[in-house]
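Work through the exercises below with the sequence and the structure at hand, and try each task before reading its solution.

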Amino acid sequence: MTETRYQRVQRKQPEDLRSARWFAPDDLRSFGHRSRIMQMGYAPEDWAGKPIIGILNTWSDLNPCHAHFKQRVEDVKRGVLQAGGFPVELPAITLSENFMKPTTMLYRNLLAMETEEQIRAHPVDGVVLMGGCDKTTPGLIMGALTAGQPLIYLPAGPMLRGNYAGQHLGSGSDAWKYWDERRAGTITAQQWLGVEGGIARSYGHCMTMGTASTMTAIADAMGLTIPGTSSIPAADSGHIRMSAACGRRIVEMVWEDLRPGLIVTESAVRNATIVAMATGCSTNAVVHLLAMARRAGVNWTLDDLDALSREIPVIANIRPSGTTYLMEDFFYAGGLLGLMSQLRDKLDLTCLTVMGETLGEAIADAPVYNDDVIRPLSNPVYHEGSLAVLRGNLCPDGAVIKPSACDARFQQHTGPALVFDSYPEMKAAIDDENLDVTPDHILVLRNAGPLGGPGMPEWGMLPMPKALLKQGHRDMLRISDARMSGTSYGACVLHVAPEAYIGGPLALLRTGDLVSLDIPKRSLNMLVSDEELARRRAEWKAPEPRFERGYGWMFSQHISQADQGCDFDYLTREFGKAAGEPDIF
Ligand code: FES
């Protein structure tokens, strides 16, 4: 292993601090800043010559996954003060997966913009990013990577296992499962209420290997958290101690001038992708990984993801790819450090973490306490990585499926399409007990992509038709240009690009057309002749715009397709010169 440890020496003096531009000169403009800090009761002893640490807190009364952030932010401040910094809390928009409509994905880039501009506009020398609920992780990190100041990501931590009638319940996964049983009439309303009350027992994010656990693991594997801390359950006292440690460490990082550009390299993105595949990650990891990597100047592609997916097996036995365990079990089994120690030979151990040490040092003594939860490479949960990237005449720019979470009979499948243009149309049909559908049919939902949804909502796990549920079927092939919740499962092809709403080939598919999926060959095709497709193309009419004003209009003008990470074109690095530091007059 090459030794690349970042020398933990003081590279900055107080006069070099970015915040000194606001406070240090003895003139009228800094008079204004100093007098207004004093207005809040602080004396120069509180801030003068000290790193000012911005704490971007995505707490809100409507985000149960971050309910503990009101207390945790005080722990971060305690750590900052212990290390000789001055903490300032900067509230940022929360993206509450449960309550924001139509989908938090519509607002991921808004959080990224807010994060970047909060850092640029305020007198902060380094930041702690507090997130965890799905899109908050990529949103905060994308913005902070572009801003470029020292950062630590503080992951919210998974909530405790759910519990109902002595059974462990998994976020999302068990909601879908029991909902199908309720629609099939096999559980009572009373039992359903029991599931409702037991599935979310504490603060913290979803505790399956959904999008939240996936994205915090990715942040961790990239080197942006204190190593291994993404696995600590939110309700564990270790989470409180970790929060204070983030506060202490970010002050040191400012003096050391340890910036994210030194941490998030191409090798770090590769490490994060390997770890994501080994965890049985959420399909949402695809769009977020591409967007985050590109903010760091790394041109990561769908093909890079697919190549690693073929090489890396799923070794985290966590639902929904696994059958039994949840994030709490994963923590007790050794957590992400334990998992990365199993992948030691696959990872670039020279990558840096926020601690200034290498990944190799971080996992040097990491044990695995339960090798059924964190499997060795020789006994994987699934022989390949979690995701497969498909291409063909239905998805020339790619589509994604999670083979580890679907019935094995769909590895290769050909069947007739049953096509719906909108969610309400699909919903009405699948609830019709007389719907003419067989287990070989392929449900298709279109106009649910980045522009069509709008915001590419998590509709991709199309509900099973009632008629099939009553016959005992629990999986069928489904295709859409939507995303799917990381807690979902089933044979769902997602992220079809280009999306139907902008005239992608999915727009040309008709009910009754045969569609053929071959996962080992990574192909997805509609068996329709080129001549017929050209005829349908000539007849296709673009739909009405979703938005004619406001943020939605701006989103519509600038959002990229799923295979590009769904970032706004003008936020990418290639778009133009960086804005630089603000003028202070
Ligand atoms: Fe917040 Fe699942 S709802 S992580």
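## Exercise 1: the second largest pocket

The largest share of the lining of the second largest pocket comes from H5, which contributes four residues. The model is a predicted one.

Task: State what volume the second largest pocket has, which residues lie closest to its centre, and how its lining divides into nonpolar, polar and charged residues.

Solution. Begin with the volume of the second largest pocket, which is about 410 Å³. The pocket is lined by 19 residues, and those closest to its centre are Glu-116, Arg-120, Thr-146, Ala-578 and Ala-579. Next, ask which elements give two or more residues to this lining: they are helix H5 (108–121) and helix H6 (136–147). Finally, sort the lining residues by character, which yields seven nonpolar, five polar and seven charged.

## Exercise 2: the four-stranded sheet

Task: Give the strand order of the open sheet of four strands, decide which strands stand at its edges, and find the bridge partners of Met-130 in S4 and of Asn-57 in S3.

Solution. The order is S2-S1-S3-S4, and the pairing is parallel. S2 and strand S4 (151–155) stand at the edges with a single partner strand each, so one side of each has no neighbour in the sheet. From one strand to the next, the twist averages 20 degrees.

Now take the pairs in turn. Strand S1 (residues 52–57) pairs with S3 in the parallel sense over five bridges, and within this pair Asn-57 has Met-130 of S3 as its bridge partner. Strand S3 (residues 126–131) also pairs with S4, in the parallel sense and over five bridges; here Met-130 has Leu-154 of S4 as its bridge partner, while Leu-129 has Tyr-153 of S4.

The last step concerns burial. S3 is mostly covered, with six of its six residues buried. Gly-126, Val-128 and Met-130 are buried on one side, and Val-127, Leu-129 and Gly-131 are buried on the other, so that both faces of S3 are covered.

## Exercise 3: the six-stranded sheet

Task: Set out the order of the open sheet of six strands, and determine how S10 and S11 run relative to each other, parallel or antiparallel.

Solution. The strands follow the order S12-S11-S10-S9-S13-S14, with mixed pairing. Strand S12 (492–493) and strand S14 (523–526) are at the edges, and because each has a single partner strand, one side of each is left without a neighbour in the sheet. Inside the sheet, strand S10 (residues 442–445) and strand S11 (residues 477–480) run parallel and are joined by four bridges, with Arg-478 of S11 as the bridge partner of Leu-443. To complete the picture, helix H18 (residues 423–430) lies across strand S9 (412–420) and S10, and runs at about 110 degrees to S9.

## Exercise 4: backbone exceptions

Task: Locate the residue with a positive phi in the loop between S10 and H19, and state whether Asn-447 counts as buried or exposed.

Solution. Start from the expectation that most residues other than glycine have a negative phi, and that most peptide bonds are trans. Asn-447 has a positive phi, near 65 degrees, and is found in the loop between S10 and H19. Its relative accessibility is 18%, so Asn-447 counts as buried, the cut-off being under 20%. Pro-454 also has its place in the loop between S10 and helix H19 (466–470), and the peptide bond from Gly-453 to Pro-454 is cis, with omega near -5 degrees.

A positive phi, near 60 degrees, is likewise found at His-495, in the loop between S12 and strand S13 (514–518); at 3% relative accessibility, His-495 counts as buried. A cis peptide bond also joins Lys-101 and Pro-102, with omega about 5 degrees, and Pro-102 is placed in the loop between strand S2 (86–91) and H5.

## Exercise 5: an enclosed helix

Task: Explain why H16 is described as largely enclosed by the rest of the structure, and name elements that cover its buried residues.

Solution. Six of the eight residues of helix H16 (residues 335–342) are buried, and therefore the helix is largely enclosed by the rest of the structure. The buried residues are Gly-335, Leu-336, Gly-338, Leu-339, Met-340 and Ser-341. Their cover includes helix H9 (211–222), helix H12 (266–279), helix H15 (327–332) and helix H17 (359–362).

Technical notes: Residues are numbered from 1 along each chain as its sequence is written. This is a predicted model: local features need pLDDT of at least 70, side-chain atom pairs count only at pLDDT 80 or more; totals for chains, interfaces and linings use all residues. Side-chain values use heavy atoms; hydrogens and water are left out. On a 1 Å grid over the protein atoms alone, a cavity is a set of points where a 1.4 Å probe fits but cannot get out, and a pocket is an open set with protein on both sides within 12 Å along at least five of seven lines; lining residues have an atom within 4 Å of a point. Grid points are joined across faces, edges and corners, and a volume is the space filled by probe spheres set on the points. Ala, Val, Leu, Ile, Met, Phe, Trp, Tyr, Cys and Pro count as nonpolar, Asp, Glu, Lys and Arg as charged, and the others, Gly among them, as polar. Two strands pair if DSSP finds at least two bridges between them. Contact means heavy atoms within 4.5 Å. Axes are lines fitted to C-alpha atoms, for helices over the stretch in contact, and angles run from 0 to 180 degrees between N-to-C directions. Buried means under 20% relative accessible area, exposed over 50%, partly exposed in between (1.4 Å probe, protein chains only).
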